[in-house]
Each structure stands twice: as structure tokens, then as C-alpha cells.
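Q: I am new to this structure and would like a close look at a single part of it, followed outward to whatever surrounds it. Please explain each term as you come to it.

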Amino acid sequence: MDVVDVARLEAALRRTPGLARRLFAESERDLPVASLAARFAAKEAAAKAIGAPPGLAWTDVEVRQDD
């Protein structure tokens with residue numbers, strides 16, 4: 001189980017301007033911070049599930065919600 005502290009992620013995104021581009025696909029970046037935190041946790045879980053291969057970038061995994 002992966003958990004992300006929403007306030008901590010929000011502070012990190014404010015403090016580090018390029019962080020959102022490194023962590024999230026373009027389609028994810030305009031979401032509310034709580035949704036970004038959930039997506040980051042899902043990306044961490046996906047990376048662990050596939051063995052976190054060298055060279056895997058956070059943007060290689062895109063978390064989508066299909067209606």
C-alpha cells in the first residue's frame with residue numbers, strides 16, 4: 001500500500017517549480033492536489049509491481065479515470 005501526504009506533496013509542488021512536470025503526465029497536471037497525491041501513490045505502486053526497472057520515469061505511468 002502506498003500513501004502520500006497531500007499537504008506535503010502540495011508544499012513540494014509549490015517549492016519546486018519543475019516537480020509537476022517530472023512526476024505527472026501533461027493530462028494529469030491540472031488536477032486538484034488530492035488527485036495528484038492519489039496518482040503519485042498509484043505510480044509508486046505500479047513501479048514496485050513491475051520491479052522498478054532502471055530508467056523508468058514517473059511520466060511513463062499515466063493514471064487515468066475513464067467514465
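A: The side chain of glutamate 28 reaches the backbone nitrogen of valine 63 at 2.9 Å, and the same side chain reaches the backbone nitrogen of alanine 25 at 2.7 Å. Both are polar contacts, a term for a pair of N or O atoms within 3.5 Å in which, within protein, one must be able to donate a hydrogen and the other to accept it, while residues adjacent in sequence count only if both atoms are side-chain atoms. This is a predicted model in which local features need pLDDT of at least 70 and side-chain atom pairs count only at pLDDT 80 or more, whereas totals for chains, interfaces and linings use all residues. Residues are numbered from 1 along each chain as its sequence is written, and side-chain values use heavy atoms, with hydrogens and water left out.

Glutamate 28 sits in the loop between α2, residues 19-23, and α3, residues 33-49; helices here are DSSP runs (H or I, at least four residues), strands are runs of E of at least two, and both are numbered from the N terminus. Glutamate 28 has a relative accessible area of 1%, so it is buried, where buried means under 20%, exposed over 50% and partly exposed in between, with a 1.4 Å probe and protein chains only. If neighbours within four places in sequence are set aside, glutamate 28 is in contact with Leu23, Leu36, Arg39, Lys43, Val61, Glu62 and Val63, contact being heavy atoms within 4.5 Å.

One of these partners, lysine 43, meets the side chain of glutamate 28 in a salt bridge with an N to O distance of 3.0 Å. Because glutamate 28 lies in the loop between α2 and α3 and lysine 43 in helix α3, the pair ties together parts that are 15 residues apart in sequence. Like glutamate 28, lysine 43 is buried. A salt bridge is counted when a side-chain nitrogen of Lys or Arg lies within 4 Å of a carboxyl oxygen of Asp or Glu, and by this rule the count comes to 2. Aspartate 66 and arginine 64 also form a salt bridge, with their closest N and O atoms 3.3 Å apart. Here the setting is an open one, for aspartate 66 is exposed at 60% relative accessible area, and arginine 64 is likewise exposed at 60%.

Leu23 and Leu36, which touch glutamate 28, also belong to the largest nonpolar core, whose 9 residues are Leu9, Ala12, Leu13, Leu19, Leu23, Phe24, Leu36, Ala37 and Phe40. Helix α1, residues 6-15, as well as α2 and α3, each supply at least two residues of this core. Such a core is a set of buried Ala, Val, Leu, Ile, Met, Phe, Trp, Tyr and Cys residues joined through side-chain atoms within 4.5 Å. Leucine 19, beyond its neighbours within four places in sequence, is in contact with Ala12 and Leu13.

The structure also holds 1 aromatic pair. The ring centres of phenylalanine 40 and tryptophan 58 are 4.8 Å apart and their planes stand at 40°, so the pair is tilted; rings of Phe, Tyr and Trp (its six-membered ring) pair if their centres lie within 6.5 Å, with planes under 30 degrees apart counted as stacked, over 60 as edge-to-face and the rest as tilted. Since phenylalanine 40 lies in helix α3 and tryptophan 58 in the segment after α3, the pair ties together parts that are 18 residues apart in sequence. Phenylalanine 40 is buried at 14% relative accessible area, whereas tryptophan 58 is partly exposed at 33%.

The segment after α3 also holds alanine 52, which has a positive phi of about 45° although it is not a glycine. Most residues other than glycine have a negative phi. Alanine 52 is partly exposed, with 47% relative accessibility.

Seen as a whole, the protein chain has 3 helices and 0 strands, and along the sequence it follows the pattern α-α-α. Of its 67 residues, 25% count as buried, glutamate 28 being one of the buried residues.
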